[in-house]
Every structure is written in structure tokens, then in C-alpha cells.
Amino acid sequence: MAKTILIVDDSASLRQVVAIALKGAGYDVIEAGDGKIGLSRLDGRKIHLIVSDVNMPNMDGITFVTELKKLPAYRFTPVIMLTTESQEGKKREGQAAGAKAWMVKPFQPAQLLAAVAKLVMP
């Protein structure tokens with residue numbers, strides 16, 4: 001059975017690029033346009049990994065990760081922040097919220113897939 005990954009990003013084109021890379025590697029993909037929608041996608045099904053942007057309307061990525069970690073079913077779900085933010089302060093905020101990895105856009109799909117493979121548990 002394929003592993004499921006949730007992509008949370010307000011850019012439809014970026015979600016599409018990430019989804020194509022992940023689907024090509026055999027993952028199932030769920031998409032959300034912001035953190036609020038991302039939380040609504042967490043409906044009890046197993047999510048093996050989340051890729052989230054930081055800067056989004058309605059609910060930013062740091063708040064999304066903070067809220068996600070409050071949900072018992074998803075407390076240990078690994079999160080990769082995929083963002084244009086590269087400041088150390090933002091990275092520390094993401095880490096404090098519970099993000100496991102930080103990737104700066106633009107990114108190489110192979111880089112993302114390598115990070116995903118390290119974090120998705122068999």
C-alpha cells in the first residue's frame with residue numbers, strides 16, 4: 001500500500017510540482033491550499049508525512065504545525081517545511097513547532113524525494 005503525503009501550500013503550481021514528483025515515486029498525495037484546509041484534511045486516515053509552506057493566508061505553516069502536533073493521531077507525523085524563508089529565526093520557529101526538515105524554494109525534486117524517503121517510516 002502506498003504511503004500518503006499531505007502537501008500544504010497556497011501555490012497551486014507548487015503543489016502540482018511536488019505532487020508530480022511524489023506520485024512519480026509511488027506516494028499517494030492529498031493537497032491543501034492553506035493550514036486551515038490542511039487541518040481539515042486530517043480526518044483520521046494515516047498520513048505518513050506532511051510537506052508544508054510557511055507563508056500562507058488564513059493559517060501559516062508554523063501555526064499549522066503547532067496545531068497538528070496537538071492532535072494525538074498526528075503528533076508523530078513528520079513535517080518538511082518547503083518555503084522561501086531561509087532565516088535562522090524562522091527555522092528555529094519551525095523546529096520548535098515540530099518540523100523535522102527545512103527546504104528552501106526553489107528546490108530540486110530529487111532533493112525533496114531524498115528527504116521524504118528518510119522521514120517516511122516503512
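**Close-up 1. Asn58 in the loop between E3 and H3 of the predicted model.** Asn58 counts as exposed, because its relative accessibility is 59%, and that value lies on the far side of the cut-off, since exposed means over 50%. Asn58 is placed in the loop between E3 and H3, and its phi is positive, at about 70°, although Asn58 is not a glycine. Most residues other than glycine have a negative phi.

**Close-up 2. The cis peptide bond between Lys105 and Pro106.** The bond that joins Lys105 and Pro106 is cis, with an omega of about -5°, whereas most peptide bonds are trans. Pro106 has its place in the loop between E5 and H5. Lys105 also appears among the contacts of Thr83, a residue of strand E4.

**Close-up 3. Ser52 and its surroundings in strand E3.** Ser52, which is part of strand E3, counts as buried because its relative accessibility is 1%, and buried means under 20%. When its neighbours within four places in sequence are left aside, Ser52 is in contact with Val8, Gly61, Phe64, Ile80, Met81 and Leu82. Two of these partners, Gly61 and Phe64, are themselves among the buried residues of H3.

**Close-up 4. Thr83 in strand E4 and Glu85 in the loop between E4 and H4.** Thr83 belongs to strand E4 and is buried, with a relative accessible area of 0%. Its contacts, leaving aside neighbours within four places in sequence, are Asp53, Val54, Asn55, Trp102, Met103, Val104 and Lys105. Glu85, found in the loop between E4 and H4, is buried as well, with a relative accessible area of 13%. Not counting residues up to four places away in sequence, Glu85 touches Val54, Asn55, Lys90, Trp102 and Val104, and Val54, Asn55, Trp102 and Val104 are also found among the contacts of Thr83. The C-alpha atom of Glu85 is separated by 20 Å from that of Ala114, a residue 29 places apart from Glu85 along the chain.

**Close-up 5. The buried face of helix H3.** In H3, which runs over residues 61-68, the residues Gly61, Ile62, Phe64, Val65 and Leu68 are buried. Seen down the axis of H3, these buried residues fall within an arc of 160°, and they therefore line one face of the helix. The elements that cover them include E1, helix H2 (residues 35-41), E3, E4, H4 and E5.

**Close-up 6. The crossing of helices H3 and H4.** The axes of helix H3 (residues 61-68) and helix H4 (residues 88-97) come within 8 Å and cross at roughly 15°. H3 is therefore roughly parallel to H4, as angles under 35 degrees count as roughly parallel. The crossing of these two helices is left-handed. On the H3 side the contact involves Ile62, Val65 and Thr66, which meet Lys90, Glu93, Gly94 and Ala97 in H4. Sorted by class, this contact of H3 with H4 has three nonpolar, two polar and two charged residues. Ile62 and Val65 also belong to the buried residues of H3, while Lys90 is one of the residues that Glu85 touches.

**Close-up 7. The buried and exposed sides of helix H5.** Within helix H5, which spans residues 109-119, the residues Leu112, Ala115, Val116 and Leu119 are buried. Viewed down the axis of H5, the buried residues fall within an arc of 100°, so they line one face of the helix. The face of H5 that is turned away from this buried side carries the exposed residues Ala110 and Lys118. Covering the buried residues of H5 are elements that include strand E1 (residues 4-8), helix H1 (residues 12-24), strand E3 (residues 49-52), strand E4 (residues 79-83) and strand E5 (residues 101-104).

**Close-up 8. The crossing of helices H1 and H5.** The axes of H1 and H5 come within 10 Å and cross at roughly 60°, and the two helices are therefore oblique to each other. H1 passes H5 in a right-handed crossing. The contact is made by Val18, Ala21 and Leu22 of H1 together with Pro109, Leu112, Leu113 and Val116 of H5. By class, this contact of H1 with H5 has seven nonpolar residues, with no polar and no charged residues. Leu112 and Val116, which take part in the contact with H1, are among the buried residues of H5.

Notes: Residues are numbered from 1 along each chain as its sequence is written. This is a predicted model: local features need pLDDT of at least 70, side-chain atom pairs count only at pLDDT 80 or more; totals for chains, interfaces and linings use all residues. Side-chain values use heavy atoms; hydrogens and water are left out. Axes are lines fitted to C-alpha atoms, for helices over the stretch in contact, and angles run from 0 to 180 degrees between N-to-C directions. Helices (H or I, at least four residues) and strands (E, at least two) are DSSP runs, numbered from the N terminus. Angles under 35 degrees count as roughly parallel, over 145 as roughly antiparallel, 65 to 115 as roughly perpendicular and the rest as oblique. A crossing is left-handed if the near helix is turned anticlockwise from the far one by less than a right angle, and right-handed if clockwise. Contact means heavy atoms within 4.5 Å. Ala, Val, Leu, Ile, Met, Phe, Trp, Tyr, Cys and Pro count as nonpolar, Asp, Glu, Lys and Arg as charged, and the others, Gly among them, as polar. Buried means under 20% relative accessible area, exposed over 50%, partly exposed in between (1.4 Å probe, protein chains only). The arc is that of the directions from the helix axis to the C-beta atoms.
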